[in-house]
Amino acid sequence: MLIDLSKNFSTCDHYRQRVEEVPLRSANTCYTGIVHHFQGYSMLGTYLDLPGHIRECDDGQRADNYPIDRLYRQPATLIRLQRESGSGAVTAEDLQNACGRIPDTPALIINALGAKDPDQIELRSVFLSLDAVAWIIQSGCQLLISDVYESQALDGVFLRLFQAGVCTVCEPVKLYQLPNTTIWITVLFPKFPELTQFPCRLLAEIPDN
């Protein structure tokens, strides 16, 4: 079973699209091609941050050269909390208690908001503490998928993650649909040249048995 954890572009203020109809005719056929023109920015929908999204952490990895094996069917550990809007920091102790161990999978999923999506709480009113970030880095994960990250005070959550080589998926949705079982994560996107932050499709694969 596949679960799509990607946010729709249609909910994003910065996305624009128009359709162009292109007549195609020859002696043999006649039809109309549909061409889409679109514009936006790199934080549309659900999006992936490579370390180079912060200039001081740039490791040369881009959408067109990042190793795809690190983003295809990666085993993931799910950590689920039930935090309310405005409830502040998610700590290392919170993660440890919810998980029961230090994760040992290349991908880590933090569902801190329970049945809520990120846009259903006050912006950055639930966030990862710096000791939680250290706990995540200690786990050795290469890919972090979380519905909370930075605080309103800008503590440096992303800076520390990127310094450790951890990529982040931001604005995932429907994490509450994930079961507490084996999960494989795949992140899909076009080979955008030079981009270190870009929209992506986030898929969770759940075994049928």
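Let's start with helix α2. Its buried residues are A132, V133, W135, I136 and S139. Keep in mind that this is a predicted model. How do these residues sit around the axis of α2? Seen down that axis, they fall within an arc of 160°, so they line one face of the helix. After α2 comes G140. The phi of G140 is positive, near 85°.

Now stay with I136. What does I136 touch, beyond its neighbours within four places in sequence? The contacts are L95, L108, I110, L128, C141, L144 and L161.

That brings us to the core. The largest nonpolar core has 30 residues. Which of them touch the most other members? They are L95, L128, I136, L144 and L161. So I136, from the buried face of α2, is in that group.

Where does this core come from? Several elements give two or more residues to it. Two are strands, β7 at 107-111 and β8 at 126-128. The helices are α1 at 92-99, α2 at 130-139 and α3 at 157-163. There is another core, lying apart from this one. It has 25 residues, including L50, A76, L175 and V187.

Next, the cysteines. How many disulfides does the structure hold? The count is 0. A disulfide is a covalent bond between the sulfur atoms of two cysteines. Take C141, which we just met as a contact of I136. C141 is in no disulfide. Its nearest cysteine sulfur belongs to C167, and that is 9.7 Å away. Is C141 buried or exposed? At 5% relative accessibility, C141 counts as buried.

C200 is another case. Why is C200 not bonded to C170? The sulfur of C170 is the closest cysteine sulfur, but at 8.9 Å it is too far for a bond. The cut-off for a disulfide is 2.5 Å. C200 is buried as well, with a relative accessible area of 8%.

On to charges. How many salt bridges does a search of the whole structure find? It finds 9. I'll show you a few.

One is between the side chains of E171 and K7. The N to O distance is 3.5 Å. Where do the partners lie? E171 is in the loop between β10 (167-170) and β11 (183-188). K7 is in the loop between β1 (2-4) and β2 (16-25). They are 164 residues apart in sequence, so this pair ties together separate parts of the chain. E171 is partly exposed, with a relative accessible area of 25%.

Another joins R62 and E194. Here the closest N and O atoms are 3.9 Å apart. This pair also links distant parts of the chain, 132 residues apart. R62 is in the loop between β4 (47-49) and β5 (74-80). E194 is in the loop between β11 and β12 (197-199). The two ends have contrasting surroundings. R62 counts as buried, at 15% relative accessibility. E194 is exposed, with a relative accessible area of 58%. Which residue joins R62 and E194 in a network of salt bridges? It is D58.

The last pair is D104 with R101. Their closest N and O atoms are 3.6 Å apart. D104 is exposed, at 64% relative accessible area. R101 is partly exposed, at 39%.

To recap. The buried residues of α2 line one face. I136 belongs to the largest nonpolar core. And among the salt bridges, E171 with K7 spans 164 residues of sequence.

Definitions and conventions. Residues numbered from 1 in each chain as written. Predicted model: local features only at pLDDT ≥ 70, side-chain atom pairs only at ≥ 80, totals over all residues. Heavy atoms only, no water. Core = buried A, V, L, I, M, F, W, Y, C linked by side-chain atoms within 4.5 Å. Buried < 20%, exposed > 50% of the residue type's maximum accessible area, 1.4 Å probe, protein only. Helix = DSSP H or I, 4+ residues; strand = E, 2+ residues; numbered from the N terminus. Contact = heavy atoms within 4.5 Å. Salt bridge = Lys/Arg side-chain N within 4 Å of Asp/Glu carboxyl O. Arc of directions from axis to C-beta.
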